[in-house]
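Please walk through the following model with attention to its charged pairs, its nonpolar interior and its surface.

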Amino acid sequence: MTVTNDTGVVRCTGSLEPNEATGDELTLHLTGTGVVLEPELRDALPPGMRRIWNDVDPRGMAEFRARVRHRVGERRTEVELEATPVGDTVSIEPAWFPYRREQLRGRLSWKDGLLRFEGIRGVHARTTVSTEGNCRFTPDGGWHVSFERLTADRFRADHDVLHALPAGLQEAVSGVRLKGLLSVDGALDIYTTAPREVTLPGGRTEVVPGPAAAAWDMQLDMEQAALDVGVPLEHVHGGIRLRGTSDGGTWRSLGDITIDSAIWRGLQVTSVRGPLVIDARIKAHHAPPLIEDPQVTKKVDALAARGGPLSKWL
């Protein structure tokens with residue numbers, strides 16, 4: 001059977017196999033070409049896939065292959081779907097990463113409640129963003145998105161891609177007051193926490209997913225950047241690796257600074273290496289010392305004292 005709608009062509013074949021033990025099984029195989037991603041198509045999908053559609057917000061034209069299996073005796077339906085964009089027509093803006101990507105390339109698949117995205121590559125303004133990973137939905141309305149790899153090349157520190165990151169990671173990045181050109185590469189998990197009951201207007205209550213929590217391991221590379229890790233640095237070339245978690249309320253991030261070259265008060269510094277702690281509960285940049293040594297403290301104070309080697313810079 002073949003049907004058309006606008007530019008879309010959908011072909012369907014199927015079979016009904018009798019089975020006295022488990023009940024009859026209906027299997028449908030569908031292929032679609034030039035299918036416009038519009039609300040009319042969304043409304044024809046099963047409830048679970050409609051929810052994914054709403055969360056991803058796709059636009060454009062796509063091709064797809066699907067298999068639908070319905071076990072009559074068990075009253076259970078299984079859907080497997082694989083979709084790819086047509087040319088540069090597709091854009092998405094997932095609810096869990098609110099950053100619209102256009103000219104999308106890659107593959108989306110759905111099976112057993114798992115949405116898998118592979119080789120996803122899209123652009124926003126002049127920035128290219130690539131992702132690999134999956135998203136699983138739970139019956140209570142929650143979700144867990146795992147970006148096994150998330151990369152974005154050469155964007156400004158105030159770019160939308162940073163605003164799309166989870167709140168804790170946003171604050172960790174803003175905690176070092178980054179400016180300039182950045183690139184990011186790493187892994188990111190975002191997930192809802194335990195459902196909670198909220199009171200709606202009129203006194204009616206409703207159970208909704210809890211606030212989004214996150215875990216990350218991200219490398220930020222800097223080019224002609226500026227940052228403040230306790231001291232302000234300019235013309236920075238190097239990187240920061242951030243590893244942290246957020247429970248939807250508080251957050252904490254550990255890191256490693258690797259600066260190849262930077263300017264501090266007119267003085268060039270090179271090969272800067274060291275740890276970084278950014279915690280919502282304590283003052284930015286200040287980690288408790290691993291070892292308290294009065295002699296070391298005295299020597300450091302002498303460097304900055306009047307007449308000391310660093311006095312004119314401090």
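How many salt bridges does a search of the whole structure find? The search finds 22 salt bridges, a salt bridge being a side-chain nitrogen of Lys or Arg within 4 Å of a carboxyl oxygen of Asp or Glu. This is a predicted model, in which local features need pLDDT of at least 70 and side-chain atom pairs count only at pLDDT 80 or more, while totals for chains, interfaces and linings use all residues. Residues are numbered from 1 along each chain as its sequence is written, and side-chain values use heavy atoms, with hydrogens and water left out.

One of the salt bridges joins Glu80 to Arg67, with the closest N and O atoms 2.8 Å apart. The pair links distant parts of the chain, since Glu80 is in strand E5 and Arg67 in strand E4, 13 residues apart; strands (E, at least two residues) are DSSP runs numbered from the N terminus. Glu80 is partly exposed at 24% relative accessibility, and Arg67 is partly exposed at 28%. Here buried means under 20% relative accessible area, exposed over 50%, and partly exposed in between (1.4 Å probe, protein chains only). Another bridge pairs Arg273 with Asp260, the closest N and O atoms being 3.8 Å apart. Arg273 lies in strand E16 (residues 267–279) and Asp260 in strand E15 (residues 251–264), so this bridge ties together parts that are 13 residues apart in sequence. Salt bridges also link Arg65, Glu82, Arg107, Arg116, Glu118 and Glu148 in a network.

Glu80 also appears among the contacts of Trp110, which touches Met49, Ile52, Val79, Glu80, Leu81, Leu115 and Phe137, not counting residues up to four places away in sequence; contact means heavy atoms within 4.5 Å. Trp110 is in strand E6 (residues 102–111) and counts as buried at 12% relative accessibility.

Turning to the interior, the largest nonpolar core has 58 residues. Such a core is a set of buried Ala, Val, Leu, Ile, Met, Phe, Trp, Tyr and Cys residues joined through side-chain atoms within 4.5 Å. The residues with the most contacts inside the largest core are Trp96, Phe97, Phe147, Leu178, Leu188 and Leu242. Strand E13 (residues 212–228) supplies the largest share of this core, 7 residues. Apart from it lies another core, of 5 residues, among them Leu30, Val35, Phe64 and Ala66.

Elsewhere, Ser246 in strand E14 (residues 232–246) is buried, with a relative accessible area of 9%.

Definitions and conventions: Helix = DSSP H or I, 4+ residues; strand = E, 2+ residues; numbered from the N terminus.
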